Amino acid sequence: MFYVGILSNRGKILESDEDAIRYALTMFDLYPANDFWQGFDYEGFAEFFDLESYFSGDWIIYKSREEYEAEQERLREQENDDDSYIKEKRYWDALQYRTGSRL
């Protein structure tokens, strides 16, 4: 999974479930004995800790980075479409105002 922070977690990105587990544990001030997290049983921990529930508030969860990037591209295209609609509306409003045909 790929986690993108919003609201109070804006700007934070967690690339994998392992990163998400590390982040969640540090929020509870829990750290493994080994600084490099070697030997930590992520799968075993994930069985008892519901990642999706923990990250359901201030996070958007994607299946992969590719899914996230595809959505960002779609949103950029939509913004461009919205911008062109707004420009066209302003043009027609101004034309109606100049010609006196505006109600």
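**View 1. Burial and contacts across the whole chain.** Buried residues account for 19% of the 103 residues in the chain. The model shown is predicted. Among contacts with a separation of 6 or more, 57% are between residues 24 or more positions apart. The chain exposes about 8,100 Å², and carbon and sulfur atoms supply 51% of that area.

**View 2. Order of helices and strands.** The chain contains four helices and three strands. Along the sequence they follow the pattern β-β-α-α-α-β-α. Strands E1 (2-5) and E2 (13-14) are joined by a loop that includes Asn-9, and the loop between helix H1 (17-27) and helix H2 (42-48) includes Leu-30.

**View 3. The three-stranded sheet.** The strands form an open sheet in the order E2-E1-E3, with antiparallel pairing. E2 and strand E3 (59-62) are the edge strands, each with a single partner strand, so one side of each has no neighbour in the sheet. Two bridges connect E1 to E2. In one pairing between these strands, Val-4 has Ile-13 of E2 as its bridge partner.

**View 4. Surroundings of Asn-9.** Asn-9 lies in the loop between E1 and E2. Is this loop residue, Asn-9, buried or exposed? Asn-9 has a relative accessible area of 10%, which is under the 20% limit, so Asn-9 counts as buried. Leaving aside neighbours within four places in sequence, the residues in contact with Asn-9 are Tyr-23, Asp-58 and Trp-59.

**View 5. The largest nonpolar core.** This core has 13 residues. Those that touch the most other members are Tyr-3, Leu-14, Ala-20, Leu-51, Phe-55 and Trp-59. H1 supplies the largest share of the core, five residues. Trp-59 is also one of the contacts of Asn-9.

**View 6. Contacts of Leu-51.** Which residues does Leu-51 touch, not counting those up to four places away in sequence? They are Tyr-3, Asp-17, Ala-20 and Ile-21. Tyr-3 and Ala-20 are, with Leu-51, among the core residues that touch the most other members.

**View 7. A nonpolar patch on the surface.** Met-27, Phe-28 and Leu-30 make a nonpolar surface patch of about 310 Å². Leu-30 belongs to the loop between H1 and H2. Its relative accessibility is 45%, between the 20% and 50% limits, so Leu-30 counts as partly exposed.

Definitions and conventions. Residues are numbered from 1 along each chain as its sequence is written. This is a predicted model: local features need pLDDT of at least 70, side-chain atom pairs count only at pLDDT 80 or more; totals for chains, interfaces and linings use all residues. Side-chain values use heavy atoms; hydrogens and water are left out. Buried means under 20% relative accessible area, exposed over 50%, partly exposed in between (1.4 Å probe, protein chains only). Contact means heavy atoms within 4.5 Å. Two strands pair if DSSP finds at least two bridges between them. Accessible areas come from the Shrake-Rupley method with a 1.4 Å probe; for residues, only the protein chains shown count as cover. Patches are made of residues with over 30% relative accessible area and no salt bridge: like charges are joined within 9 Å, nonpolar side chains (Val, Leu, Ile, Met, Phe, Trp, Tyr) within 5 Å. A salt bridge is a side-chain nitrogen of Lys or Arg within 4 Å of a carboxyl oxygen of Asp or Glu. A nonpolar core is a set of buried Ala, Val, Leu, Ile, Met, Phe, Trp, Tyr and Cys residues joined through side-chain atoms within 4.5 Å.
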